[in-house]
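Let us take a friendly walk through this structure, looking at its aromatic rings and its enclosed space.

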Amino acid sequence: MREAWHRLADELGRWAPGMATFWWRDDDAVAPSPALERLLGLGSQPLALAVIPAEMVPELAGYLTGRKVDVLQHGYAHRNHEPPEAKKAELGAARPAAAVRADLRHGARLLAAAFGAQALPVLVPPWNRIAEPLIDLLAGDGYRGLSTQGAQLPNSAQRGLRQVNTHVDIVDWRGGRGFIGLEAAIDLAVGHLAARRQGRAAAGEPTGLLTHHLILEDSAFDFMAELLARTAQHPAVQWRSARDIFAPGTGVASA
């Protein structure tokens, strides 16, 4: 297990001070909970919390006040509208775009009313899926950013959006939703960092860590605590906030 941490240290050692940028997104927030409190206590790094507008409770806004947390919009109700044979999606092609956009606009208003400036105009599609034609309409509906999982869309900037994704999902969705394990998680982080450094991925896109606090088991929390502690002390690492990443006039390429 220590070998995995050595691999991460070796990769970070190839980076100039402050250039190995990371960011942290946690999905499916709706209410204060012991799991969310535990997550927020793991480290001092800024957190981007993807909140489900239709499901959130009023107490969440007060709970997050004064914390180093930016609120992103996690769809509207996190409900699947696709047929049984298709992959799950709330923002897919099964419904008319007008209906989807109406839900999103309502959700954006709910978040703005609850969180004020803490809420950013950044969309996180549930299940990290969104119909291609809908993406072209997001900037016109007031969204500044889009965040999914994996590789960026090749032309998101031309659509008026700043896309910054996550790359290190620590949940094993196909194997019971437990922790993917230390080796696999480190491999994802090292793989994305190396791809950035070697020009196989957008060099300025921060390496994104993805968690789901409501289903994390103890081993996942333990991994997160150690990762945050180790990277906080490394001179090559800079943890960036969503507010910084998605700020107007800040391109990913210059991150």
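Trp-5 and Phe-223 are both buried, meaning that each has under 20% relative accessible area with a 1.4 Å probe and protein chains only. This is a predicted model, in which local features need pLDDT of at least 70 and side-chain atom pairs pLDDT 80 or more, while totals for chains, interfaces and linings use all residues. Residues are numbered from 1 along each chain as its sequence is written, and side-chain values use heavy atoms, leaving out hydrogens and water.

Rings of Phe, Tyr and Trp (its six-membered ring) pair if their centres lie within 6.5 Å; planes under 30 degrees apart are stacked, over 60 edge-to-face, and the rest tilted. That rule gives four aromatic pairs. Trp-5 and Phe-223 are stacked because their ring centres are 5.8 Å apart and their planes at 20 degrees. The pair links helix α1 (residues 2–12), home of Trp-5, with helix α7 (residues 218–232), home of Phe-223, across 218 residues; helices here are DSSP runs of H or I with at least four residues, strands runs of E with at least two, numbered from the N terminus. Phe-179 joins Trp-5 and Phe-223 in one aromatic cluster.

Now look at Trp-23 and Phe-246, whose ring centres are 6.0 Å apart with planes at 75 degrees, so this pair is edge-to-face. Trp-23 lies in strand β1 (residues 20–29) and Phe-246 in the segment after α8 (242–245), 223 residues apart. Both Trp-23 and Phe-246 are buried.

Terms used: Buried < 20%, exposed > 50% of the residue type's maximum accessible area, 1.4 Å probe, protein only.
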